[in-house]
Amino acid sequence: MIKKVRDAYTSLHANLRAGNLGKEGSKRRIKAESKPITFRPQAAQPYDDRCLSWQYDAQTVSIWTMAGRLKGVRFACSPNALKQLIAHRKGESDLVERDGVFYLIATCEVPEAETGEPGSFVGVDLGIVNIATTSTGHRAAGRKLNRYRRRQVALRAKLQKKGTKSAKRLLRKQRRKESRRARDINHRISKTIVTEAERTGRGISLEELTGIRERVRLRKPQRVALHSWAFAQLADFIVYKARRAGVPVVFVDPAYSSTECAECGHIDRLNRISQALFTCRGCSVVAHADRNASRVLARRGQNAWDAGRTSHVPATSPSG
Ligand SMILES: [Zn+2]
């Protein structure tokens, strides 16, 4: 708290010095000088290593507060997160209060692994019915999440109509809860995809996100808000986990990936019989539509990687 107060007053004084708040004696300046600085109670509170120390073995922290030193404050985290903390925590931590729960957000500097040469690529098709389908056979169904979201939308509409202060507070709480839930799901899906790619020596091929937004936009407008940020977050998680594991990621143009045949390359809108079913009119192969799309993306990823690699090979100069 002290540091934050000091920071705030430093910036106030800097503002005063720079004349940002008007001349000496001006109404605006007197107001700024006489008004005590207030803090939003829920704003993040930064702590550096002098004000907050970590005892990893005991899973506790010691914090300097207005009331003195608070010792042995327990924190909870997953075993993996604890490993990360021990190995890589560095710099300031933020203390945040949300809905009565205190969160300590630590900064970890994790070195990136060296990127290997992939044997092939895992294509990842993103969608609403199936959040992610990979060419290697993994499918993360969105049924549960979609049902949950529909309930949230209904609840939100009700609360918005009410418009009272407590309804608004509940609305904020719901929104945070929903984004925490999506975040959790995205963490799990991205981990599964990256772990598998790493284990099998593959790269990851993702569709460019503009493509996803376009595609989602073609459907109901409310879905754009609901889904585009979640897809962007999933892609972000995949990219950063892949970087840590040394798995290369390429982004490819997803145009026609849902109507192109992964077997023979025949593109026809009629290949896509329904949301789930793909039947090629060229070679008559039958496949799950998302699985087929993920295989198309995998091949495009391989092509993009090959094209990028050959362009990096120095041109041989003709002799003589
Ligand atoms: Zn075909």
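Let me begin with the overall count: the secondary structure of this protein comes to 8 helices and 13 strands, and I should say at once that what we have in front of us is a predicted model. Of the 320 residues of the protein, 35% count as buried. If we take the contacts between residues at least 6 apart in sequence, 57% of them join residues that are at least 24 apart.

I would like to turn next to the interior. The largest nonpolar core holds 23 residues, and the members that touch the most others are Val-124, Ala-132, Ile-189, Ile-193, Ile-204, Leu-234 and Ile-238. Several elements contribute to this core, with at least two residues supplied by each of β7 (121–126), β8 (130–134), α4 (143–162), α5 (165–199), β10 (203–207) and α7 (221–245). The largest share comes from α7, which gives 6 residues. To see how this works for a single member, consider Ile-193, which, once its neighbours within four places in sequence are left aside, is in contact with Val-124, Ala-132, Thr-134, Ile-204 and Ile-238. There is also a second core, separate from the one just described, with 9 residues that include Tyr-47, Leu-82, Leu-85 and Leu-95.

One of the helices that feeds the largest core deserves a slower look, and that is α4. This helix has 20 residues and reaches 29 Å from its first C-alpha to its last, which is close to the 28 Å expected at 1.5 Å a residue. Which residues of α4 are buried? They are Leu-145, Asn-146, Tyr-148, Arg-149, Gln-152, Arg-156 and Leu-159. Because these residues cover an arc of only 155 degrees around the axis, they sit on the same side of α4. On the other side of the helix we find exposed residues, namely Arg-143, Arg-150, Arg-151, Lys-158 and Lys-161. After α4 comes Gly-163, and its phi is positive, near 70 degrees.

Let me now move to a sheet. Here 3 strands form an open sheet in the order β2-β3-β4, with antiparallel pairing. The strands at the edges are β2 (52–55) and β4 (68–74), and each has a single partner strand, so one side of each is left without a neighbour in the sheet. From one strand to the next, the twist averages 20 degrees.

Within this sheet, the antiparallel strands β3 (residues 60–65) and β4 are joined by 5 bridges, and the hairpin that connects β3 to β4 runs through 2 residues. Two pairs can be picked out along these strands: Thr-65 has Gly-68 in β4 as its bridge partner, while Val-61 stands opposite Val-73 in β4.

I will finish with one residue of strand β3, Ser-62. Is Ser-62 buried or exposed? Its relative accessibility is 4%, and since buried means under 20%, Ser-62 counts as buried. Leaving aside its neighbours within four places in sequence, Ser-62 is in contact with Cys-51, Leu-52, Ser-53, Gln-55, Arg-69, Leu-70, Lys-71 and Gly-72.

Technical notes
Residues are numbered from 1 along each chain as its sequence is written. This is a predicted model: local features need pLDDT of at least 70, side-chain atom pairs count only at pLDDT 80 or more; totals for chains, interfaces and linings use all residues. Side-chain values use heavy atoms; hydrogens and water are left out. A nonpolar core is a set of buried Ala, Val, Leu, Ile, Met, Phe, Trp, Tyr and Cys residues joined through side-chain atoms within 4.5 Å. Buried means under 20% relative accessible area, exposed over 50%, partly exposed in between (1.4 Å probe, protein chains only). Helices (H or I, at least four residues) and strands (E, at least two) are DSSP runs, numbered from the N terminus. Contact means heavy atoms within 4.5 Å. Two strands pair if DSSP finds at least two bridges between them. Axes are lines fitted to C-alpha atoms, for helices over the stretch in contact, and angles run from 0 to 180 degrees between N-to-C directions. The expected span of a helix is 1.5 Å times one less than its number of residues. The arc is that of the directions from the helix axis to the C-beta atoms.
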